[in-house]
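Biologist: I would like to learn how to read the interfaces in a model. Can you take me through them one at a time?

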There are 2 protein chains.
Amino acid sequence: MMAEEQKPLLTAANKLREYKIKNTPQRQVILSYLMTSHEHPSIEMIFNYVRGNGFSVSLATVYNTLQLLIDHNLIIEIASDSGGHMRYDYFEEPHYHVICVNCNKIVDVFDKSYKRLETEAMEKTGYQVFNSQYEVYGLCPECQLKLRKEKADLD
Amino acid sequence: MMAEEQKPLLTAANKLREYKIKNTPQRQVILSYLMTSHEHPSIEMIFNYVRGNGFSVSLATVYNTLQLLIDHNLIIEIASDSGGHMRYDYFEEPHYHVICVNCNKIVDVFDKSYKRLETEAMEKTGYQVFNSQYEVYGLCPECQLKLRKEKADLD
DNA sequence: CTTCCTGCAAAGCCTTTGCATGAAC
DNA sequence: GTTCATGCAAAGGCTTTGCAGGAAG
């Protein structure tokens with residue numbers, strides 16, 4: 001097992017140091033949650049996670065911290081549409097998201113080929129491109145079953 | 001010149017009829033605005049546009065109408081990030097968006113090759129895919145100049 | 001004639017802000 | 001010791017809701 005997986009809080013602390021962001025317990029917990037879970041959590045999930053692990057935190061701090069991490073390009077914001085709540089994701093390896101429109105579960109696909117379009121975008125528009133995001137919307141396998149069953153029950 | 005370009009309100013009315021959506025002046029104006037302008041307007045821009053053209057409308061109706069059009073897959077919502085305001089776009093021909101992070105201008109690129117990834121997403125995740133969106137973030141040519149000038153003025 | 005859209009105002013919710021305390025470096 | 005993060009509570013802004021009147025089909 002890799003050291004990083006054993007001490008996520010330490011890994012997060014190091015990452016903060018690397019980016020010259022002042023280390024606080026709240027920031028370490030929030031970042032380590034984003035780095036290790038693959039839940040793409042919402043603000044509320046993050047807030048509950050931090051408190052649930054015995055750390056004090058306020059919503060204001062969650063908002064502040066997420067904005068800070070976004071500004072440093074450590075994480076990205078995902079518009080999860082149905083429900084209208086933003087979700088957050090540690091973004092080291094380029095990947096795209098497949099989002100369930102029913103339960104909002106988000107799955108990663110680690111294929112960065114979509115990044116190739118950044119060049120085309122630059123050439124066709126003259127924009128100086130920094131970044132791009134690809135998102136796919138559909139129904140996850142569980143929700144496909146659930147909805148099929150609900151429909152069957154109506155018959 | 002094509003007929004559609006001459007009578008945008010009529011075209012919008014027909015589109016509503018085609019989708020079996022009850023025709024009202026507000027809906028016609030909103031849809032025709034989205035179909036003809038390439039501004040990817042925000043809620044507020046739509047509200048002002050409708051009133052500016054001599055039609056009565058309330059914010060509640062703008063929200064209702066946009067949600068209705070989204071539910072019928074006539075338009076899509078774009079998360080324009082900086083500023084946090086949603087933008088709306090008539091979405092007939094598949095295309096992706098290049099968004100200026102400084103002035104929020106959104107430009108279309110009509111290359112649907114990104115849609116090919118939907119198949120991969122389906123195979124890799126088991127999701128039943130409906131839809132996908134690709135967005136590129138950068139600086140538009142005008143803002144590149146503006147920011148370069150501002151920087152020069154500091155010297 | 002029935003359905004259901006509009007628009008107002010109120011309610012609701014999420015996010016941001018200001019400021020005092022206290023922690024990080 | 002200085003800087004700056006935290007957290008509370010209050011303010012702010014956007015979006016939704018309920019309901020009465022009225023338009024669309």
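Modeller: Start inside chain A. This is a predicted model. Across the interface of domain 1 and domain 2 of chain A, seven residue pairs are in polar contact, both residues of each pair at pLDDT 80 or more.

Biologist: Which elements of chain A give two or more residues to the domain 1 side that touches domain 2?

Modeller: Those are β1 and β2 (86-90) of chain A. β1(A) has the largest share, with four residues. By class, that side of domain 1 divides into five nonpolar, four polar and five charged residues.

Biologist: How many salt bridges are there between domain 1 and domain 2 of chain A?

Modeller: The count is zero.

Biologist: Where do the two domains of chain A begin and end?

Modeller: Domain 1 of chain A covers 1-92, and domain 2 covers 94-155. Their C-alpha centres lie 22 Å apart. In the contact, 14 residues of domain 1 of chain A meet twelve residues of domain 2.

Biologist: What area is buried between these two domains of chain A?

Modeller: The general idea comes first. Interface size is often given as the accessible area lost when the parts come together. Here, domain 1 and domain 2 of chain A bury about 1,100 Å² between them, with 50% from carbon and sulfur atoms. On the domain 1 side, His40(A), Ile78(A) and Phe91(A) lose the most area to domain 2, together 38% of what that side buries.

Biologist: Now the two chains. What area do chain A and chain B bury between them?

Modeller: About 3,100 Å², with 61% of it on carbon and sulfur atoms. Tyr127(A), Tyr134(A) and Tyr137(A) supply 22% of the area that chain A buries against chain B, more than any other three residues. The contact takes 40 residues from chain A and 40 residues from chain B.

Biologist: How many residue pairs are in polar contact across the interface of chain A and chain B?

Modeller: There are 18, with both residues at pLDDT 80 or more. Salt bridges between chain A and chain B number zero.

Biologist: Which element gives the most to the side of chain A that touches chain B?

Modeller: β5(A), with twelve residues. That side of chain A has 22 nonpolar, nine polar and nine charged residues.

Biologist: In which sense do β5(A) and β5 of chain B pair, parallel or antiparallel?

Modeller: Antiparallel, over eleven bridges, with β5 of chain B spanning residues 128-139. For one position to find in the view, look at Leu139(A), which stands opposite Gln128(B) in β5(B).

Terms used: Residues numbered from 1 in each chain as written. Chains lettered and ligands numbered in written order. Predicted model: local features only at pLDDT ≥ 70, side-chain atom pairs only at ≥ 80, totals over all residues. Heavy atoms only, no water. Contact = heavy atoms within 4.5 Å. Buried area = accessible area lost by both parts, 1.4 Å probe. Salt bridge = Lys/Arg side-chain N within 4 Å of Asp/Glu carboxyl O. Polar contact = N/O pair within 3.5 Å; in protein donor to acceptor, adjacent residues only side chain to side chain. Nonpolar A, V, L, I, M, F, W, Y, C, P; charged D, E, K, R; others polar. Pairing = 2+ DSSP bridges. Domains from an automatic or database assignment.
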